[in-house]
Each structure stands twice: as C-alpha cells, then as structure tokens.
Amino acid sequence: MDTSVFRLDGVTKRYGDLVALDNASLEAGANEYISFLGPSGSGKTTLLRVIAGFEAPEAGRVFFNGRDITNLPAHERGIGFVFQNFALFPHLTVIQNVGFGLTHGKSGLSAAEIERRSLEMIELVGLSGMEGRGVDQISGGQRQRVALARTLTMHPKLVLLDEPLGALDANLRSRMRTELRAIRERLGVTFVHVTGSENEALAMGDRVVVLDRGRIIQTGTPGEVYDSPASPDVAHFLNRFNLFDGNLSGGRFNGVFGSVPVPRSVRSDRDVYAVRYDRMRALPVSADAAGPAIKARFVASEYLGSSMMNFFEAEDGHVIEMEHHLSLGTPQTFEARQDYLLTWNPEQAIVFGREASR
Amino acid sequence: MSSQISIQKRQSKTTRWLLAPGIIWMSLFLVVPILMIVYVSFWTQTTFNISPDPTLASWKQFFSSDTYTGSLWTTVRIWLIVLACTFVVGYPTALFVGLFVKSKTLSTVLLVICVIPFWTSFLIRVLAWRPMLGKEGAINIVLLKLGIIQQPIEVLLFTELSVIIGMTQIYCVFMVGPIAFMLSRIDRNIIEAARDLGAGFGRIFWKIIFPLSLPGVVVGAIFVSVMVLGEFATSGALSGRKVNLLGNIIVTQVGSLKWAMASVVGVILTVVMGIVIAGFLRIVDLKREL
C-alpha cells in the first residue's frame with residue numbers, strides 16, 4: 001500500500017528560459033512536517049504552487065493520496081494553501097473569512113453547521129472572541145491564525161504554507177513556530193512549510209528538503225542535514241559553516257590553511273572544506289598550532305544571548321566566523337585589528353571533493 | 001515643554017498658510033457665487049429688468065409650470081438611464097483592464113486608449129454622433145448595405161435615445177477609470193485563495209471582487225452623476241431640442257436675461273446634486289477605502 005500523502009515525480013517547470021524546477025522528485029508521508037529550505041529563486045515557492053495546482057508543470061506528475069492530480073484544478077485537489085501575505089478577504093470578518101470555503105464552496109452544509117465548524121477552528125487557532133472583528137482590526141499574528149483556520153476548516157489532508165512566518169516580527173515568529181507544530185500535531189495532517197530561514201527549517205521540519213536553482217539537493221531529518229550536508233551549497237545555506245576553497249588530492253586537502261589529511265570526504269563537483277562556526281578555535285598569532293591554521297584579523301563580535309559570534313578577516317579578505325557557546329564558559333576577548341591564529345580539529349571538518357572516499 | 005509649544009505654534013502657522021489659497025479660492029469662486037445664486041433666485045424679475053426686491057414669484061412659476069417640472073423629471077430620468085448604461089458598459093471594461101490584464105503596462109496602455117477621445121474637444125465628440133446616427137448616417141448605411149433593415153431607422157438621431165447614446169459614450173470613461181483602479185489594487189492572491197477554497201467564478205465575483213470594487217463604482221457614479229446632471233450641450237446637439245434638461249433651461253433663461261429664473265433652476269440643480277452625492281457616499285466609507 002502506498003502510505004505517502006503526496007509524491008512528485010520528475011516535476012519540471014520553466015518560465016521562458018528560466019528553469020524554476022528541474023526534475024524534482026519527492027515523497028511525503030502522512031502526519032509529517034516538511035520544510036522546504038532554499039534561497040530566493042531556488043524554486044521552493046514554485047514547487048509549492050505546483051503541488052497546490054496554481055501552476056502546471058511542463059513535465060512530471062504529481063500524486064496525492066495515490067491519485068494522479070497533475071491535471072486537476074486547485075480547488076478539486078483538497079490541498080490547503082496558506083499564502084505568504086495571508087491573502088485574507090479584507091472586507092469580511094474573522095468568522096466570514098474562516099467559513100468562506102464552507103459557505104461558498106461545494107460543502108452543502110447548513111449555515112448552523114458552518115458556523116459551528118468555523119467557531120471550532122477559530123478556537124483551535126486561539127482566536128475565540130475575535131470572530132466578529134474585521135481582519136484589518138487584528139494584529140499580524142492573529143491574521144496568520146485566521147489564514148490558517150480558513151484553510152483548516154476545509155479539512156485538507158495536506159496544508160501548504162508559503163513562508164508563513166515571513167510577515168511576522170521576530171518575537172511572534174518563534175511563538176508561531178511552536179503554535180504551528182502544535183496545531184499540526186492535534187490535526188494529524190501533513191504540513192509543507194516553505195522558508196528561506198535555515199533556523200525555521202531546522203526547528204520546524206520533521207524532514208527538511210533543501211532546494212537550489214530548481215533542484216532538490218538534499219532531503220533528510222534536520223539532524224542529518226545539519227550534521228552531514230550533502231553538498232557545499234547545502235552547507236552554505238545552513239549558514240553554520242566556514243567554507244574554504246582548495247583542492248583535494250591523494251587524501252589531502254590543500255587550502256589557504258595548509259595541507260591537511262582528509263580521512264573521508266563527500267562527493268561533490270567542487271573541492272570545498274567546511275568547518276562549523278562552533279568548531280573554530282582562536283590562538284595567539286605566535287602559538288604553534290598542531291593542525292590546520294589560518295592567520296586572520298579580528299574584526300568584531302556579536303552577542304547573541306546564548307552564544308558569542310566573532311568575525312575574523314583572513315588575509316585574502318575571506319570572512320571567517322567563530323561561535324562560542326556561552327554555556328561552555330566565558331568567551332575569550334579579542335583585540336580589535338589584531339591577528340590571531342584560527343585552528344580546528346580536522347576530524348570535525350566536512351570535506352567535499354571530486355575525489356571522494358564515499 | 002516650551003519648545004514643544006513653539007513647534008506646535010509654528011506648525012499651526014504653516015497649516016494656515018497652506019490652507020489659505022484653497023480657502024480664498026473656494027470662497028470667492030464657489031461659496032460666494034452659490035450664496036449669490038440663492039439670493040438672486042428671490043429677486044423680482046420684470047421683462048427687461050431685475051431688482052433685488054424679495055419675492056417668491058420665480059419659485060412659484062417653476063413649480064407651477066409643466067415645462068419646468070417636466071424638465072426636472074427628464075433630467076432625473078436621463079441621469080438614471082445614463083448612469084445605468086455607463087455602469088453596464090463600463091464595469092466589464094474595467095474588469096478586463098483592471099483585473100484580467102495581467103501586465104501593468106498593458107493595462108495602463110488600455111486606460112490611455114480609453115482617454116484618447118478626450119484629445120478632441122467636447123463639442124466635436126458630441127457632434128460626431130450626428131453623422132453616425134443620422135437618417136443617412138454611418139449606422140443606417142451599414143445596416144442597409146448588409147440588408148438587415150429595409151428602411152433607415154429614424155429614432156437614432158434627435159431623440160432621447162441619441163442623447164443617451166452620446167452621454168454614455170462621453171462619460172463611460174469616468175466610470176471605467178475609478179473601477180479599474182480599485183480592481184487593480186485587489187491582491188491576486190485573495191482571488192486564488194477563494195478559488196482554492198472551492199468558490200466558483202460567480203461566487204468569487206459577487207462575494208469578493210464586486211464588494212472590493214464598490215468604492216470605485218461609487219466614485220465613478222459620482223463623477224458621471226455630477227456631469228450628467230449639469231449637462232446641456234449633448235442634449236442640445238443631439239436631441240433637436242426635444243429633450244430639455246435643467247441645464248438647457250438655465251442656458252435659455254440666461255440667454256433671455258431671466259436671471260431670477262436661471263437662479264431658481266441653478267439652486268434646484270445644486271440641491272439635486274447634493275442629495276445624489278450624499279446618497280452615494282452613504283454606500284461606502286471612502287475615507288476608509290482610499
């Protein structure tokens with residue numbers, strides 16, 4: 001039996017010469033939270049719109065509940081879509097917005113039943129008592145909830161959210177993250193969440209799908225993606241790695257930091273050496289580093305509450321970031337415009353290369 | 001504290017200077033003339049003279065004459081018909097220009113095309129309907145040549161119909177513009193959202209698109225109403241003097257130096273317009289929409 005809720009099979013979409021989606025294949029299970037991560041222009045929103053039925057793919061098929069829905073119009077798919085700017089009906093009240101699909105679609109329910117279901121959904125998203133308000137009289141976070149409730153009243157099996165937290169301020173964003181997950185777990189439906197923020201993708205997804213230039217470049221749990229990015233691009237989007245160019249040959253990586261033995265590496269079309277920000281250590285410039293080392297000038301530091309980010313500039317202008325978790329003790333202090341020797345344990349580096357050992 | 005007061009003082013001074021030109025202009029050329037018209041409507045009119053002795057004679061004459069009250073009802077009737085026609089012709093046009101045309105450039109081009117007739121003078125636009133609608137005009141010739149009619153249609157020109165056709169064409173663009181503007185401001189996503197929620201085109205139009213375009217309809221209706229109610233040229237040129245609007249009465253009365261009667265009609269016309277505009281503004285709260 002096919003347990004997947006939806007499946008994409010080689011979906012390709014072009015806008016003129018621009019390839020928005022290039023042969024994307026993906027499978028999503030029931031009751032899952034999936035996040036699509038990618039920079040703007042990576043095709044993540046296009047992919048979402050193809051699943052929703054707002055765009056038709058040039059090639060490939062879309063399956064939903066085991067049925068080929070590629071040629072089915074959006075409203076017959078039973079897939080909910082939450083728009084980036086919420087797209088609420090500005091002239092209607094909260095409850096009229098939430099009940100819109102039931103009232104004006106093909107539900108055939110009585111007015112009383114529609115009201116009951118709308119109120120139930122308004123309560124679920126925590127907006128009880130606001131049902132009579134106009135949608136321009138409520139805050140951004142509340143609008144987000146109305147948009148979600150409006151989609152959820154239709155009892156979709158799959159809900160697509162297009163950068164749902166993008167329009168909210170930082171404080172609300174982290175609260176809505178927890179809220180979204182909780183709502184999803186209560187309903188037991190699959191959520192697909194598109195985001196450009198690596199934090200959001202890692203925090204919310206049971207599974208993270210990384211996109212770049214129209215291709216799906218990695219799929220995995222947040223842990224898998226974070227600990228072993230499949231390519232230099234994934235490592236770059238995660239925004240947690242210092243990336244060094246160089247070349248990998250004969251089991252050694254030659255870069256600006258010297259030549260380092262590489263015990264294992266990941267196959268890639270270019271040679272890149274990646275070290276996580278929190279794996280970096282700084283030594284006085286005169287110290288004798290045992291492993292790889294690079295001389296860099298301290299530029300600035302940034303206090304992030306739970307950690308401290310230090311920014312260094314290498315001689316070639318490359319910015320190197322070093323994160324110190326404050327739970328590990330007081331951070332080192334650095335003199336501005338002074339040179340330091342940055343080093344790390346080569347065991348902890350991730351190396352990508354054409355000559356890969358796995 | 002004191003510096004705040006002085007800033008407030010300076011701001012109120014600036015406000016006064018900015019308001020002054022508008023207030024002076026409006027008082028001199030709007031408020032004073034209206035008061036003057038109201039005043040003159042009570043003056044005593046003799047055949048060749050007018051004196052400021054107060055009398056209700058002109059008012060009594062207006063309401064006791066079938067010609068005058070008749071022209072009031074003709075004005076209201078023509079106004080309602082033209083308003084309905086401009087809406088029926090204008091709304092679909094606006095819907096196309098403002099909503100269905102996806103490219104902003106193309107919709108601007110289309111709006112400019114709507115305005116092109118305004119490059120010629122008003123009178124030419126009105127008079128151009130004569131060779132179109134006349135007994136030997138373009139429409140009759142084409143229909144005769146095509147064999148659709150055997151006899152030329154005579155009701156086309158110098159009737160109420162020709163006035164309605166002419167006015168609808170001339171004022172339609174004032175309906176299209178505001179509606180197209182409101183429609184173009186509708187977020188396309190909310191239409192997609194409504195469709196995704198299962199609403200058909202009819203429901204989307206009546207529940208989403210039309211209510212959101214209503215402020216545009218009201219503004220367009222106010223434009224058209226104000227212009228049609230004050231009309232005299234189109235009815236003069238296309239009705240063969242068969243259709244007399246309040247505007248035509250004013251023109252004839254002024255022409256024969258009957259200032260008091262002209263003022264009575266002017267006051268009545270102003271009151272009618274005031275009621276119409278106030279009525280339209282009750283439909284939507286324009287302050288909230290714009």
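Helices are DSSP runs of H or I with at least four residues, strands are DSSP runs of E with at least two, and both are numbered from the N terminus. With that in hand, welcome to a predicted model, shown here in a series of views.

**View 1. Chain A as a whole, with its two domains.**
Let us start with chain A, whose 358 residues include 42% that count as buried. Its C-alpha trace spans about 80 × 45 × 40 Å along the principal axes. Along the chain you will find 9 helices and 21 strands. Domain 1 covers residues 4-227, and domain 2 covers residues 241-353. The C-alpha centres of domain 1 and domain 2 of chain A are 38 Å apart. Among the contacts of chain A with a separation of 6 or more, 67% join residues 24 or more positions apart.

**View 2. The span of chain A annotated by UniProt as "domain: ABC transporter".**
The annotation comes from an unreviewed UniProt entry and runs over residues 6-238 of chain A. In the model this span is 36% helix and 27% strand. Its end C-alpha atoms lie 26 Å apart.

**View 3. Helix H4 of chain A and its buried face.**
Helix H4 takes in residues 111-124 of chain A, 14 residues in total. From first C-alpha to last, H4(A) reaches 20 Å, close to the 20 Å expected at 1.5 Å a residue. Which residues of H4(A) are buried? They are A:Ser118, A:Met121 and A:Ile122. Looking down the axis of H4(A), the buried residues fall within an arc of 105°, so they line one face of the helix. These buried residues pack against two other helices of chain A, H2 (94-98) and H5 (140-152). On the face of H4(A) turned away from the buried side, look for the exposed residues A:Ala112 and A:Glu113. After the helix comes A:Gly126, with a positive phi near 80°.

**View 4. Positive phi values at A:Asn23 and A:Phe86.**
Why pause over these two residues? Most residues other than glycine have a negative phi. A:Asn23 is not a glycine, yet its phi is positive, near 50°. This residue sits in strand E2 (residues 18-29) of chain A. Is A:Asn23 buried, exposed or partly exposed? A:Asn23 counts as partly exposed, because it has 15 C-beta neighbours inside 10 Å. A:Phe86, also not a glycine, has a positive phi of about 75°. You can find A:Phe86 in the loop between strand E6 (79-82) and helix H2 of chain A. A:Phe86 counts as buried, because it has 22 C-beta neighbours inside 10 Å.

**View 5. Where chain A touches chain B.**
How many residues does each chain bring to the contact? Chain A contributes 16 residues and chain B contributes 16 residues. On the side of chain A that touches chain B, the largest share, 3 residues, comes from helix H3 (residues 100-104) of chain A. This side of chain A divides into 9 nonpolar residues, 6 polar and 1 charged.

**View 6. Annotated spans of chain B.**
Now turn to chain B, where an unreviewed UniProt entry lists several spans as "transmembrane region", including residues 108-128 and 161-183. Residues 108-128 of chain B are 67% helix and 0% strand, with end C-alpha atoms 26 Å apart. Residues 161-183 of chain B are 100% helix and 0% strand, with end C-alpha atoms 31 Å apart. UniProt also places "domain: ABC transmembrane type-1", again from an unreviewed entry, at residues 72-277 of chain B. This span is 77% helix and 0% strand, and its end C-alpha atoms lie 17 Å apart.

**View 7. The surroundings of B:Val88 and B:Asn244.**
B:Val88 belongs to helix H3 (residues 66-100) of chain B. B:Val88 is exposed, because 12 other C-beta atoms lie within 10 Å. B:Leu127 is 39 residues away from B:Val88 in sequence, and 24 Å away in space, C-alpha to C-alpha.

B:Asn244 lies in the loop between helices H11 (233-238) and H12 (246-255) of chain B. B:Asn244 is buried, because 20 other C-beta atoms lie within 10 Å. Which residues are in contact with B:Asn244, leaving aside its neighbours within four places in sequence? They are B:Ser71, B:Thr74 and B:Ile249. B:Trp59 is 185 residues from B:Asn244 in sequence and 19 Å from it in space, C-alpha to C-alpha.

Notes:
Residues numbered from 1 in each chain as written. Chains lettered and ligands numbered in written order. Predicted model: local features only at pLDDT ≥ 70, side-chain atom pairs only at ≥ 80, totals over all residues. Contact = placed C-beta atoms within 7 Å. Nonpolar A, V, L, I, M, F, W, Y, C, P; charged D, E, K, R; others polar. Domains from an automatic or database assignment. Expected span 1.5 Å × (residues − 1). Arc of directions from axis to C-beta. UniProt positions renumbered as here; feature names shortened; annotations may be inferred.
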